[in-house]
Amino acid sequence: MNAGQPVHGGGADGPSVDTMHAESRPATAGATTPGSTAASETAAARTPGSETPGSETPGSATAMVFDGPGRPHRAVAVEPGPPGAGELHVAIEFATVCGSDVHTALGHRDEPTPLVLGHEAVGRVVAAGSEAPASVGDRVVCSVAVHCGDCDRCARGIPQKCRRLRKYGHSEFSDDWPLSGGFATHARLLPGTPVVVVGEELPAAVLAPAGCGIATAWAALAAAERIRPLAGADVLVTGGGLIGLAATAMAVERGARVTVSDPDSERRELARRFGAASAIDPRDPVRDSSAGRPPGSPAALDGFDIVLDASGAPGAVAAGLAAVATGGTVVWAGSVFPTDPVPIVPERIVRGLVTIAGVHNYAPSDLEGAVRFLQRHGRRLPFAELVGEVFPLERIDAALVRAAERREIRVGVVPASR
Ligand SMILES: [Zn+2]
Ligand SMILES: [Zn+2]
């Protein structure tokens with residue numbers, strides 16, 4: 001399914017709304033909210049900037065504002081004003097709900113509130129400031145984060161950990177930056193935000209997740225390839241969600257043989273369709289000397305050359321450590337929420353010449369690589385099928401409830417007027 005399918009309306013076929021997320025009110029501009037927090041209902045207009053001639057200031061935008069776990073989103077009208085130098089105003093075409101949105105909604109991770117969630121989206125530029133990275137009319141995706149470009153971390157090549165990093169969908173809703181997330185009709189992309197013009201070919205549902213899950217998969221493989229090439233490597237991917245599936249397809253394209261481990265049979269089947277040579281249930285009895293190894297694997301007897309955890313599950317992380325070959329690399333990308341610790345036997349790492357790398361956020365080049373990969377393979381592979389139910393923006397609470405049920409890889413969200 002993709003963005004062209006009928007959206008999930010307000011009918012009885014949607015999931016019942018639990019106590020975590022009561023139904024939100026319609027997203028009408030200028031809606032008022034009883035008991036609202038410090039956020040203003042109509043955020044201040046931006047300081048007039050030096051926008052490109054031809055840019056049009058978008059009319060009123062609507063942001064769905066999250067006030068904390070257990071509280072419904074509220075629709076807040078925002079007057080964006082003209083874009084400043086280097087800024088883009090983007091009309092959201094389609095957004096997807098990432099697992100971290102769900103974790104925040106459930107209170108499993110702390111974020112400043114109020115805020116506008118959503119950091120996987122594709123949209124169209126409706127206004128561009130001078131020296132902005134795209135033009136009015138361009139269809140774009142953007143990085144999950146914007147970095148300053150001149151702090152010590154930016155200087156040493158880890159802009160994703162910039163001292164002044166600001167992240168879409170993770171920043172406090174404020175007059176300074178009200179349109180900071182994907183669950184809105186519009187977003188304001190700050191100067192310096194990595195942006196990729198994506199063209200018109202691919203369905204929005206394929207492109208929207210590029211800015212988080214798919215770019216993270218690209219970054220995880222880049223981390224692995226700093227140690228050894230993927231060509232000819234035997235790779236274990238633990239976790240068959242978006243990062244794991246995308247990484248599987250990318251690794252196979254570069255000549256790796258990939259095994260995916262996931263307890264969900266539907267995800268194992270998806271993994272095969274994304275090119276995995278085998279897909280295993282981690283709960284199956286181990287029939288090999290290396291934990292997690294599929295029976296009959298042609299991998300070198302001592303394990304996998306590259307192990308990528310995309311699940312964040314402590315058991316999967318531990319199994320991956322046990323399954324890595326001598327001289328192998330372990331990349332952790334899924335552990336973005338607090339979990340129990342995982343025991344590590346230092347001698348195993350030392351004698352096994354094992355490298356462990358963490359990947360979080362990603363560099364601008366990773367977003368570019370992810371989009372180019374989608375442009376080459378986004379139609380051949382079943383990326384569009386990863387988005388199941390699609391909800392109108394004003395039903396964002398129901399979309400988050402649905403996403404928390406993990407019935408599909410991604411839930412879609414579209415502004416109601418589209
Ligand atoms: Zn994400
Ligand atoms: Zn910086």
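Helix 10 (residues 396–404) is largely enclosed by the rest of the structure, because nine of its nine residues are buried. This is a predicted model. Elsewhere, the largest nonpolar core has 128 residues, and helix 4 (residues 213–225) gives the most to this core.

**Helix 10 and its cover**

- The buried residues of helix 10 are Ile396, Asp397, Ala398, Ala399, Leu400, Val401, Arg402, Ala403 and Ala404.
- Asp397 and Arg402 are thus listed as buried alongside residues such as Leu400 and Val401.
- The cover over these residues includes two helix-flanking strands by number, strand 16 (387–392) and strand 17 (410–414).
- Strand 1 (61–65) and helix 1 (99–106) are also included in that cover.
- Just after helix 10, Arg406 adopts a positive phi of about 55°.

**The largest nonpolar core**

- Within this core of 128 residues, the most contacts belong to Leu207, Trp218, Ala220, Val235, Ala247, Leu308 and Leu374.
- Helix 4 supplies nine residues, the most of any contributor.
- The core draws on two domains, with at least three residues from each of domain 1 (1–202 + 385–418) and domain 2 (214–358).
- Ala220 touches Ile243, Ala247, Leu308, Val331, Ala333 and Val359, leaving aside residues up to four places away in sequence.

**Helix 4 against helix 5**

- Helix 4 and helix 5 (residues 242–253) pack at about 50°, and their axes lie 8 Å apart.
- The two helices are therefore oblique to each other.
- Their crossing is right-handed.
- On the helix 4 side, the contact is made by Gly213, Ile214, Thr216, Ala217, Trp218, Ala220 and Leu221.
- Helix 5 answers with Leu242, Ile243, Ala246, Ala247, Met250 and Ala251.

**Helix 4 against helix 9**

- Helix 4 and helix 9 (residues 364–377) pack at an angle of about 110°, with axes 8 Å apart.
- Helix 4 and helix 9 are therefore roughly perpendicular to each other.
- Helix 4 passes helix 9 in a right-handed crossing.
- Helix 4 contributes Ile214, Ala215, Trp218, Ala219 and Ala222 to the contact.
- The helix 9 side consists of Asp366, Leu367, Gly369, Ala370, Phe373 and Leu374.

**Residues that recur**

- Trp218 is among the core residues with the most contacts, and Trp218 takes part in the contact with helix 5 and in the contact with helix 9.
- Ile214 likewise appears in the helix 5 contact and in the helix 9 contact.
- Ala247 of helix 5 is in the contact with helix 4, and Ala247 is touched by Ala220.

Note on methods: Residues are numbered from 1 along each chain as its sequence is written. Chains are lettered from A and ligands numbered from 1 in the order in which they are written. This is a predicted model: local features need pLDDT of at least 70, side-chain atom pairs count only at pLDDT 80 or more; totals for chains, interfaces and linings use all residues. A nonpolar core is a set of buried Ala, Val, Leu, Ile, Met, Phe, Trp, Tyr and Cys residues joined through C-beta atoms within 7 Å. A residue is buried if 20 or more other C-beta atoms lie within 10 Å of its own, exposed if 12 or fewer, and partly exposed in between; C-beta atoms are placed from the backbone. Helices (H or I, at least four residues) and strands (E, at least two) are DSSP runs, numbered from the N terminus. Domain bounds come from an automatic or database domain assignment. Two residues are in contact if their C-beta atoms, placed from the backbone, lie within 7 Å. Axes are lines fitted to C-alpha atoms, for helices over the stretch in contact, and angles run from 0 to 180 degrees between N-to-C directions. Angles under 35 degrees count as roughly parallel, over 145 as roughly antiparallel, 65 to 115 as roughly perpendicular and the rest as oblique. A crossing is left-handed if the near helix is turned anticlockwise from the far one by less than a right angle, and right-handed if clockwise.
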